[in-house]
Amino acid sequence: MNYSYKGKILISTPDISGDIFSRSVVLIIEHNEHGAFGLILNKKNSQMSSKFKDFFDFKIEVYDGGPVENDKVFFIAKGKKVTEVYTEITDEFYLTEDIENIISAVLNKEISIEDVKIFSGYSGWSPLQLDGEIQRKMWTVVEVYNLDYTLPNDQTLWKSIMQNLGGEFLLWANSPEDISLN
């Protein structure tokens, strides 16, 4: 492995269809010789969202982080670090599994729920698997993209990024979800 995709955004190409990665925007949190770990930023999980409503007396969105270990919960938080157990994503954002401290900080108004995004599961790749998928053009790597990882996003995020990339990506952005209909 000569290059790390850590901190990069992956955009699925229209060739990936029919599964959770179809039209996905994935933030790569870790990528090294042991494999890769990321979270899908734009797939809401209504079932998990309703379960989290039990913790809060307001609506909360939970996102599918990926197809691996859907019983695990991850948080991307912005700003103040409310836990000692976290992985820094950027100077502004961090990742944690510390559900107790995140919920406590939100309930105690130390951080705003708008500064937290909740994920069920994650996206994982074995050593060199992600590199192979990128070589086979299953993913487009976006080197620099100014994105607030805690914003509520849906399928429009994928299309918006594709449009911003321009060129052939404009064609993909406007292609039907089922590319066989094209």
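I looked up Lys6 first and found that Lys6 counts as partly exposed, because its relative accessibility is 38% (buried means under 20% relative accessible area, exposed over 50%, and partly exposed in between, with a 1.4 Å probe and protein chains only). I note that this is a predicted model, in which local features need pLDDT of at least 70 and side-chain atom pairs count only at pLDDT 80 or more, while totals for chains, interfaces and linings use all residues. Residues are numbered from 1 along each chain as its sequence is written, and side-chain values use heavy atoms, with hydrogens and water left out.

Next I turned to the salt bridges, of which the structure holds six (a side-chain nitrogen of Lys or Arg within 4 Å of a carboxyl oxygen of Asp or Glu). Lys6 forms one with Glu30, where the closest N and O atoms are 3.3 Å apart. Glu30 is itself partly exposed, at a relative accessible area of 27%.

I then followed Lys78, which is buried, with a relative accessible area of 18%. Lys78 forms a salt bridge with Asp148, the closest N and O atoms being 2.7 Å apart, and another with Asp115, where the closest N and O atoms are 3.7 Å apart. Asp115 counts as partly exposed, at 24% relative accessibility.

I also recorded a network of salt bridges that links Glu69, Lys72 and Glu97.

Last, I checked Gly132, which counts as buried because its relative accessibility is 13%. The C-alpha atoms of Gly132 and Ser120 are separated by 26 Å, although the two residues are 12 residues apart along the chain.
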